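Student: Could you take me through one part of this model closely? I'd like to look at the second largest pocket.

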Amino acid sequence: MKKAFLQLHLSVFLAGFTGILGKLITLNEGLLVWYRLLFTAVTMFVLFRWQGRLQKLPLQAILRIGGTGFIVAMHWIFFYGSIKYANVSIGVVCFSLTSLFTAIFDPLINRRAFDKVEMLLSLLTLAGILLIFHFDTQYRTGIILGIISSMFAALFTVFNKRLVAKYNTENITFYELGIGFLGLSLLLPFYLHAFPVASMIPSFMDLVYLLALAWFCTVLMYTLSMNALKKISAFTVNLCFNLEPLYSIILAFILFHENKLLRSEFYLGLGLILLSVALQMVRVFRQNRRSKLA
């Protein structure tokens, strides 16, 4: 369990850089995600094939895993759309709503009773988000996109929890992001028709940022988080990812001076989010200790 939590928090730390890189990359959100998936899928294929960890799976399993991959592709598009239409702080704080949607979707999908404690902790996170940002009209579009992004993120983690019980993390990650890339490639012509761009080719610095996004914030980050999912619940994983805004916002303060956009309630709101994470950690450790004693 300790190793799983270490892997989880390291993956959250890496995830904190995704919003920063999304802000630095000048491509629109659709192309950004398309290149991220492309570089990630190619990297995984070469790495896992060389290590002998890539296995052939039945078509039904591939399609099931690929459907989950398409969900994460949609999550990324809306996440980076939120950053592009607002800023890094808006995008990553809206992502904290993932725990609330997980507390709702997980019982519905897996047909279990709603956990009142999970709902209360999620509402604590929601209260923190409401305190952090006043809903200024200039950020309305970014906030809506961020909320939709968190819904897709919650669905992704709930379905991923089922997959990690049956398949190894390398196969899941490769097939998810590989098929997610193929699915997005089919939609990309329609996307670019609706949102035309001057050029589809990334600049040199965009290429550097995209490779960092693919190698460190995708391949390594998802491998660590899915290993953690084998021992930790989907709700706890998503709740821990509420720490992602903390890392991203600090970096956004330093690099983009976004602290000038925040109200005085920011620190109180962030404190509520951190409190919800800490309470869930205490709860999980107590449950784990009781199960060992039993």
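**The second largest pocket**

Tutor: Helix α3 gives the most to the lining here, with 5 residues. Bear in mind that this is a predicted model, where local features need pLDDT of at least 70 and side-chain atom pairs count only at pLDDT 80 or more, while totals for chains, interfaces and linings use all residues. Residues are numbered from 1 along each chain as its sequence is written, and side-chain values use heavy atoms, with hydrogens and water left out.

Now the pocket itself: its volume is about 210 Å³, taken as the space filled by probe spheres set on grid points joined across faces, edges and corners. A pocket here is an open set of points on a 1 Å grid over the protein atoms alone, where a 1.4 Å probe fits, with protein on both sides within 12 Å along at least five of seven lines; lining residues have an atom within 4 Å of a point.

So who's on the wall? E29, M74, I77, F78, G81, Y85, L145, L184, L187, Y191 and F195. Both α3 (59-85) and α8 (169-194) supply at least two residues each; helices are DSSP runs of H or I, at least four residues, numbered from the N terminus.

As for character, the lining splits into 9 nonpolar, 1 polar and 1 charged. In that count, Ala, Val, Leu, Ile, Met, Phe, Trp, Tyr, Cys and Pro are nonpolar, Asp, Glu, Lys and Arg are charged, and the others, Gly among them, are polar.

Elsewhere, L97 sits in the loop between α4 (88-94) and α5 (98-110). The C-alpha atoms of L97 and S149 are 9.3 Å apart, with their positions 52 residues apart along the chain.
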